[in-house]
Each structure stands twice: as structure tokens, then as C-alpha cells.
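Trainee: Could we go through this structure together, with the reasoning behind each term we use?

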Amino acid sequence: MTKEERLKKRHRAEKRFRFYGLTSIFVALLFVVILVQNIFSKGSSAFKKTVITTEVFFDQELLEIQNGASQEEIMEADFYDIMIENLIKAYPAKDRDEEDELLKLFSGDAEIEIKKAFLNDNNLIGKTITLDLTASDDIDQLHKGNYPRDLPEERRRISDFQLVIYDYFVENKKISKNFNNYFFNNGDSRDPELAGIGGALVGSFYSILICLLLAFPVAVLASIYLEEFAPKNKITDFIEININNLAAVPSIVYGLLALQILLATIQLPRSTPLVAGITLALMTLPRIIIPCRASLKAVPPSIREGALAVGASKFQSVFHHVVPLALPGTLSGTIIGLAQALGETAPLILIGMVAFVVDIPSSPVDPSSSLPVQVYLWSESAERGFVEKTSATIMMLLSFLIVMNFIAVYLRQKFEKRWN
Amino acid sequence: MNNIKIKSKNLNVYYGDKQALFDVNLDLNEKEVTALIGPSGCGKSTFIRCINRMNDVIDICKVTGNIEMDGMNINDKDLDVVSLRERVGMVFQKPNPFPKSIYDNISYGPKIHGKGETKSELNQIVENSLKKSALWEEVKDRLDEPGTSLSGGQQQRLCIARAISVNPEVILMDEPCSALDPIATAKIEELIDELKKTYTIVIVTHSMAQAVRVSQKTGFFHLGKLIEVGKTEKIFKNPDNKMTQDYITGRFG
């Protein structure tokens, strides 16, 4: 081979390699775009809910309370009759059957929504107000265009007559889309139009908080001890190997461990963020220790020697010099560990967080759901309304993860000291 | 003739199975500069790291024999290394200022030893240390800038200032000029000349010329053994040992 041929071959190899590299990046980006596009197109409609503008007349005869009633009285009062009487007026129905079909267009919470209006203003008796009442899941999906109305009637959840009412609402501008506050404030529900991630958000928050409180100090102290103080011998080698192994243990194994020890033996309350936090802390520990040790190791030995040489004790050289320098790396490692814990589903399913929980937990020992488990639960539900809720929950989860990773990168870039 | 400050007797050092120093007997005189020369890996650095027990940080390192400072056994297991290192400062081959301000670099030592209780005392210590290391004029207006922002030579003088801030009796210098340019080197050498009035100095160097310029006494190490020690003039003009002769004339090493 001549010199020129060899040169050409080398250039060709280089070009080929660049092409392969670019192609793989393109393919990777394509997948990300498809994924994000899919989630957004399905999920973005969940942030709006369909409401039916309805006139509500508070008839004294249908209510056992008076104007100016106290909170408790209102809470206990029955608004069912008021609801029925007003809702059936939303459309000129001819008979009981038609009225029943009309009522099904409203959400199961219509009575509560009317009661809330009265709670806000307890002088409404004898007056008529206009309320935006949440529509049922079927109408919601129909209005958002997620539901095909050209199917034959027997294959539709909405009857022909309900479609007529819907068209009447649209024509009279009685139907519109509002910001979906239920999605953020409510717990889980069997009715998609009322279901929200409020409970899952609080549950995830408590779980991650407990995980942080347990895992961070233990992991940091363990790393400092192992990296700076522990003698290098067979025992510490063994510990090091096992920490690396533990980081690779499938998370469901931690779930089984928690099931046996935390739930069966110690008898902690199941389905709670407390147990979830402890389980996630166990899982996250090695995942924090590894980056933490790496950042301690990255502090040049000359800094330790410099401190020791002016007479600092081992403890002083570590805590005055090494730890502050390793802190940015430690913190970003911790945040990434927590981000992983936030997205963890399998161990939480094993400790019973997969239970159907309507109430929003008020403490870490209340039964609760968590964001990834909520995704899992809703993705299994048949109702069309849960499809958009699933994607919207994924969007929330992803945005938390992105924010956490961003903070981690920021901390590292901003505070990491460079030395020559 | 000055008093003997540090005296080593049959000093042996092992790194695991490998012996690094063999029966070193070396006396260092007070307020004098002793230069240690020899090819790389001959044990010069190992020897000076015995004087402030820096070898302790190496797990596999074992030191036997005697090394005394003013009659006190440095190699005693019960000796408090913190107070030893307060008396024996060290300057390393590569400048290693803390990634903190110039002021904090100097004040750190006095603070941990409880010297300079008030702010003004501390300021005084910082100023004196920087003056003694001939850095004061260059940095007095930017004491809160990071020490790492200084040039290599300035960083090394900062490290010397850090070493003298705790008012030690002995300063160990491990090739302090090997990472510096000739001008910075000249400044450090001048400084060493000045410092020897107050401190006992041991300097490890690869430069014969530097040894001749700064030291009064020179020790030649080879393969872990102290081959010859004596007045610098004698070692460089008329060494007793053939190996020393070969080394200083550049025939090996």
C-alpha cells in the first residue's frame, strides 16, 4: 500500500466513525422526541377539565337549613334535592328517562360543588347563581375530542340522546374548558374527572423527605469514614465490593426486604410514606455513597498533606479542607440518588402503596400513593379519562426529575473548586 | 559550630516489604540549611517525611530506629503528631495552597493551634508571615483573593508563609523549586538564606547548584543509604566517596 492509499484509508475510517456517531445521536434524539411528543399529546389535555355552566336556584323548600347557617350545618345538610332539581333544568327533558340521561352528564361531585358554592356564601337561599359544574368523564373526553362519536350507539358509552344534549350545550355555549384544579388537589378516585395526583404528590414528597433524612447523613458519614479514616484491609475491601454490589441490586429486592422486616416483623403501618421512605433510603444509600466517595477521592492528596503539615489533626484536615471541597459532588450525587428514588415503583408496590387511597395523607404514617405508583395504577384503568391522566402524571414526574438533575448539575458547576 | 537540632540513629523505613531507608545516621544543625541530594527514589523525601511523621499517612509505611529533636524521640508512638508538626513545618514539591483566600491560607495554622486569639493578633501573624516569606508587598492589597490565583512562585512563597505562620523551629522543604522558573527559584533561595537565621532548614533538591548556593551541610543519598555527609564545600569540592564524586559531576543519576 502506498503512502497515499494509507492516508485515504485513514480519512475514510475517520469519516465512517463520525457518521456512525452522528447516526446514533440522531436515533437517540428521535426516540426522546417520540416519547416526549407522545406523552405531551396525550397528557396535556388533562390539565383542563370540561365544565357545564348551570344555573342553580337555592330553593328554601328543598333545604333544611336557613340563610346564615354555620359551616357545620352546611356540611351536614343534604344538597341532593337541590342538585337534582337544578340539573334537570339544564336541558328541556321530556320524561324521567331523559332526565336520568341528562344527570349522567355531570360528575359525581355535582352535589359537593353546589354545597361548596353555598359554603362560600351562606345567603344564597332564594337566589339563583351560575355555576361551572364539572362534566362527567364521558362528556369531558368527548369535548376534548378524545372520544369518537361516529361509532354505532351500542359501542359507545354515550347514548344518542346524550349526544343531542351535548350538542345543545355546545350550541348554547354552556360547555367550556377550565383549569383542572382537581388534578392537583384531589386524591385518587374511581371517576377519572375527579381523580388527581394530590395524594400521590404529598406521598412522594414525604417518602423522598424521609429517604433524604435517613440516607444523606448515613451515606455521607459512611463515605467519609471509608475514604478518609478506615484502614485499607480485607474487611474494608469487602465492604467496598458489597457497596458496589448493593447499588446494582434490583429495587424490587429492597421491596421484599421491607415487606419482611418493616411490615411483617416490625409491623410498621403498610402503604405509608414512612415505610416507603425507609425502603427507598436503603436502596439509595449505596447510590449516594459511591459518588460521595468519588468526590472525596477527587480532592488532591496535596490538600490533605498541606493541612496535616501545619499541624491539623486528621479530623481537622478532613472536615476543614477535604469535605468542603467534596461537598458539591456529594450534594449532586445525593440529588441524583433521590431523583432515582422518586421514580422508583417496584419496591413501593410490594409495601402496599399500590392500594387505592382517596384521602390526601396528612402525615407520613397515613396510607398514601406516590407519583410513579399512580402512573402504574392509572395505566391499568379502562376509562379513557385515565389515559390523559397517566400521561399528565408522567409529565409531572419527569419535570420533577429534570428540575432535580438540573439542580445537581448547577451545584456541581457553580461550586466545584478547580485546582491545577 | 551550631548545636545539633535533629539526630537520627539507625533509621530504617519500610514500605510494605520494600526497605526505603537503611540505617541512616544524620545530624541536622540548628539554624543552618542542610541539603539532601541524590538520584530519584533514593530516600531523601522519605527521610525528611520522618522528621514530621508525614509517613504516618501511608498505611504500609513502617519506621524503626531513632530520630530525635532536642532529645525528644520523634518516632515515639505516644508522641502527639499535631504538636510535633507545629514545631516542624513543611513545604512541598508542588505548591499546594488551600483553595481559600490568601488570608485564610496563612491564618489557618495559627487558628487551629489557638494562636492569635483576637482578630488583630491574627492580622499581625498573617502580615509577619507574609513579610518573612517576601510576599507581603505583592499581596497586601488582595488578601481575600484565592491563594490559587497567584503565580507558581508566589504560591510556593505562600506555602512557606503558611509553614512559618505557626512559628515552627524546623522547616522541611521537599524540592520546593522543582515546579518553578529560574526567577521564582532565585527568590525562594534568597528567602531560604534569610529564613535560616531563625529556623533550621532541611531542603531536598535535585539541583547541585542550588545545594551549593543555599546549604551549609549536604548529605548524599543513594538507594536508601546515606553515602556521605559533610560541609557543603567539602562534599562538592573534595568528596570522600567515589559515588558522591560521580553523582555531583553528573556521571550517573
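**Reasoning from terms to structure**

Mentor: Let us begin with chain A of this predicted model, where three strands form an open sheet in the order β2-β1-β3, with antiparallel pairing. The edge strands are β2 (128-134) and β3 (175-179) of chain A, and the twist averages 45° from one strand to the next.

Trainee: What makes β1 and β2 of chain A a pair?

Mentor: Two strands pair if at least two bridges are found between them. Strand β1 (residues 48-57) of chain A and β2(A) have seven bridges, in the antiparallel sense, so they meet that definition. Within this part of the sheet, A:Glu55 stands opposite A:Thr130 in β2(A), while helix α5 (residues 110-120) of chain A lies across β1 and β2 of chain A, at about 140° to β2(A).

Trainee: Why is the set that includes B:Ile51 and B:Ile171 called a nonpolar core?

Mentor: The name applies because its members are buried residues of the nonpolar kinds listed for a core, joined through C-beta atoms within 7 Å. The largest such core has 70 residues, and B:Ile203 is among those with the most contacts inside it. Helix α6 (residues 152-164) of chain B gives the most to this core, with six residues. A second, separate core of 61 residues includes A:Leu262 and A:Ile289.

Trainee: How do you know that chain B touches chain A?

Mentor: Residues count as in contact if their C-beta atoms lie within 7 Å, and 22 residues of chain B are in contact with 17 residues of chain A. The residues on the chain B side divide into 11 nonpolar, six polar and five charged.

Conventions
Residues numbered from 1 in each chain as written. Chains lettered and ligands numbered in written order. Predicted model: local features only at pLDDT ≥ 70, side-chain atom pairs only at ≥ 80, totals over all residues. Buried ≥ 20, exposed ≤ 12 C-beta atoms within 10 Å, placed from the backbone. Helix = DSSP H or I, 4+ residues; strand = E, 2+ residues; numbered from the N terminus. Contact = placed C-beta atoms within 7 Å. Nonpolar A, V, L, I, M, F, W, Y, C, P; charged D, E, K, R; others polar. Axes fitted to C-alpha atoms, helices over the stretch in contact; angles between N-to-C directions.
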